[in-house]
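Reader: I'd like a close look at just one part of this model, the largest pocket. Tell me what lines it, and skip the rest unless it connects.

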Amino acid sequence: MLLTESQLVEFNDRGFLFFPGLIDTSHISDLQDSLASVMDRDGPEVIREQDGEAARLVFGAHTYSEPFGRLSTSADLVLPVRQLLGDEIYLHQSRINPKLGMGQGGSWTWHQDYPPWKSIDGMPRPRCVMATVFLDDCSPVNSPLLLMPGSQQHGLLESHPQTDSNTHGYDLHQITTADLKRLAAEHGIEPLVGPAGSVALIHCNVVHGSANNVSPWRRAILYLIYNAVSNACTGTSRPWYQNNRDFTPLQPGPVNH
Ligand SMILES: O=C(O)CCC(=O)C(=O)O
C-alpha cells in the first residue's frame with residue numbers, strides 16, 4: 001500500500017491515518033489464535049495487570065510468534081511507514097495490549113509514547129510511527145483507543161514518569177492536567193473504532209489514552225513501533241523486547257489482503 005499526497009498531508013495535520021479492515025480476516029484469525037499462548041508466557045516480556053494475572057502488555061511477540069512476525073514486515077505496513085518517515089525503517093518495539101473484558105483490562109492515562117524512547121532509549125527525534133493493528137473489533141463500548149488529533153504539533157509536552165497505577169514496574173509519562181484540558185479544548189478527542197484488521201498509523205507524539213474495559217468483550221490491539229534507521233536509538237539500558245538494537249532496514253514482505 002502506498003500513500004497518496006493528500007494522505008501525507010492528513011498525517012502531518014492530524015497525526016494519524018486510519019484504514020478500516022486493512023488486514024485480511026484469515027491473518028487476523030491466525031493472530032487471534034496465537035494470542036492466548038503469547039499472553040501465557042512466563043517471561044518479563046509479559047507485564048501483568050494489577051491483579052497479577054491478566055496480561056496488560058505483551059512485548060516482542062513478532063520474535064516468538066510466526067503470525068505476528070509475518071505481520072511486522074508486511075508491505076501493508078512497511079511501505080506506508082517508510083513513506084511517512086522518508087527513510088528505511090526498523091522495528092524499535094512491538095507490544096500487544098490485550099485489554100481483556102470484565103474490567104480486567106485497566107485504563108491508560110493521557111500520555112505521549114515518545115518520552116521514554118527519548119529519555120531511556122536515546123531516540124534522537126520523534127521520527128517514529130506506531131502502526132496500530134486491531135486484533136479484535138474496537139467499538140465505542142469496549143474501551144477504544146482515544147486520540148487527540150493534531151496534538152503531535154505541540155511537540156514534546158511536559159510529563160513526569162510515574163509508575164503506572166494499573167500495573168507493576170511500568171512507567172507511563174502522563175501529561176499534566178492543564179495540558180490535557182487545553183489540548184482537548186483545541187483538538188477534541190476521537191475514538192478509534194472499526195473491525196478487527198483495521199490499522200491506524202500514528203505519530204509518536206499524538207496524545208492518547210483509554211478507559212478500563214468494563215464490557216465483556218476483549219479489545220486487543222497490536223502496536224508495532226517503527227523507527228527511521230537514521231534515528232536509531234543510542235541507549236542500551238532496556239532489554240531487547242523494549243529497545244530492539246537490530247537496526248537492519250526491514251524489507252517489505254507479502255501483503256495481507
Ligand atoms: O491500547 C490502549 O488502550 C492504550 C495503550 C497505550 O496507550 C500505550 O500502550 O501506550
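**The largest pocket**

Author: Sort the residues lining the largest pocket by type and you get seven nonpolar, four polar and one charged (Asp, Glu, Lys and Arg are charged; Ala, Val, Leu, Ile, Met, Phe, Trp, Tyr, Cys and Pro are nonpolar; the others, Gly among them, are polar). Bear in mind that this is a predicted model, where local features need pLDDT of at least 70 and side-chain atom pairs pLDDT 80 or more, while totals for chains, interfaces and linings use all residues. Numbering starts from 1 along each chain as its sequence is written, and side-chain values use heavy atoms, without hydrogens or water.

Now the names: the lining takes in Leu-8, Phe-11 and Asn-12, then the run Gln-83, Leu-84 and Leu-85. Further along come Pro-126, Arg-127, Cys-128 and Val-129, and Gln-152 and His-203 complete the set. Helix 1 (5–14), helix 5 (75–85) and strand 6 (128–134) each give two or more residues to that lining (DSSP runs: helices H or I, at least four residues; strands E, at least two). The space inside comes to about 180 Å³ (an open set of 1 Å grid points for a 1.4 Å probe, protein on both sides within 12 Å along at least five of seven lines; lining atoms within 4 Å; volume filled by probe spheres).

One link back to helix 5 (75–85): the C-alpha of Leu-79 is 9.1 Å from that of Gln-251, though 172 residues separate them along the chain. Gln-251 sits in the segment after strand 13 (221–228), and counts as exposed because its relative accessibility is 55% (exposed is over 50%, with a 1.4 Å probe and protein chains only).

Key: Buried < 20%, exposed > 50% of the residue type's maximum accessible area, 1.4 Å probe, protein only.
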